[in-house]
Amino acid sequence: MLDFRCKMTFEELNGDYSIERMDSVIKALEEVLRSALPQGCITVGVYEAAKSLNVDPDNVVLCILATDDDDVKDVALQIHFTLIQAFCCENDINILRVNNTRRLAHILGGAGMHGSEQMDLHCILVTVPHASTWKNPALGKVNRFCRESRCMDQWVPIINLPER
């Protein structure tokens with residue numbers, strides 16, 4: 001269940017996230033993805049994510065919607081995003097928008113590549129299995145960022161992943 005209580009500073013309420021704070025959230029997101037991958041807690045792809053959300057939404061702890069510059073004009077992708085966002089909001093699942101699928105592929109250790117075929121990194125779900133007691137401080141930091149963004153009426157916060 002999402003906690004909508006807002007305990008924020010004046011600067012945060014005005015949307016002034018410092019560069020250091022945003023870097024901290026980016027590093028936390030990277031850590032969440034890297035630690036969830038070997039545990040099999042990552043679902044990649046718009047259709048795969050939709051199937052997973054339909055089967056077991058209670059175990060999804062984070063939804064990442066990613067685009068590159070050329071994806072902005074892809075109407076079908078934007079429709080999928082709208083539907084996934086609505087479902088996530090209805091089911092209390094935190095959502096992030098990320099602007100760099102190439103960087104996501106790098107963070108996931110090339111998980112975006114399957115042989116010579118590019119996988120769909122436009123939607124990534126992070127799940128926690130029923131029996132898991134996975135307590136990840138990085139996930140807590142990302143979830144806190146999402147909660148604080150909602151308090152500022154930014155329901156789907158955007159993270160700009162830098163190239164490295």
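Which residues touch the most other members of the largest nonpolar core? Select Leu 29 and Leu 33: these two do so in a core of 29 residues. A nonpolar core here is a set of buried Ala, Val, Leu, Ile, Met, Phe, Trp, Tyr and Cys residues joined through side-chain atoms within 4.5 Å, where buried means under 20% relative accessible area with a 1.4 Å probe, protein chains only.

The model is predicted, so local features need pLDDT of at least 70 and side-chain atom pairs pLDDT 80 or more, while totals for chains, interfaces and linings use all residues. Residues are numbered from 1 along each chain as its sequence is written, and side-chain values use heavy atoms, without hydrogens and water.

Next, colour the elements that give two or more residues to the largest core: α2 (19-36), β1 (42-44), β2 (60-66), β3 (94-98), α5 (101-107), β6 (123-127) and α6 (137-151). Helices (H or I, at least four residues) and strands (E, at least two) are DSSP runs numbered from the N terminus. The largest share, seven residues, comes from α2.

Centre on Leu 33. Beyond its neighbours within four places in sequence, Leu 33 is in contact (heavy atoms within 4.5 Å) with Ile 42, Ile 64, Leu 104, Ile 107, Leu 108, Ile 124 and Val 126.

Then select Leu 53, Leu 65, Leu 77 and Cys 88, which are among the 15 residues of a second, separate core.

Finally, display α3 (46-55) and α4 (75-90), each of which supplies at least two residues to the lining of the second largest pocket. α3 gives the most, five residues. A pocket is an open set of points on a 1 Å grid over the protein atoms alone, where a 1.4 Å probe fits, with protein on both sides within 12 Å along at least five of seven lines; lining residues have an atom within 4 Å of a point. Among the lining residues are Tyr 47, Asn 54, His 80 and Phe 87.

Methods
Buried < 20%, exposed > 50% of the residue type's maximum accessible area, 1.4 Å probe, protein only.
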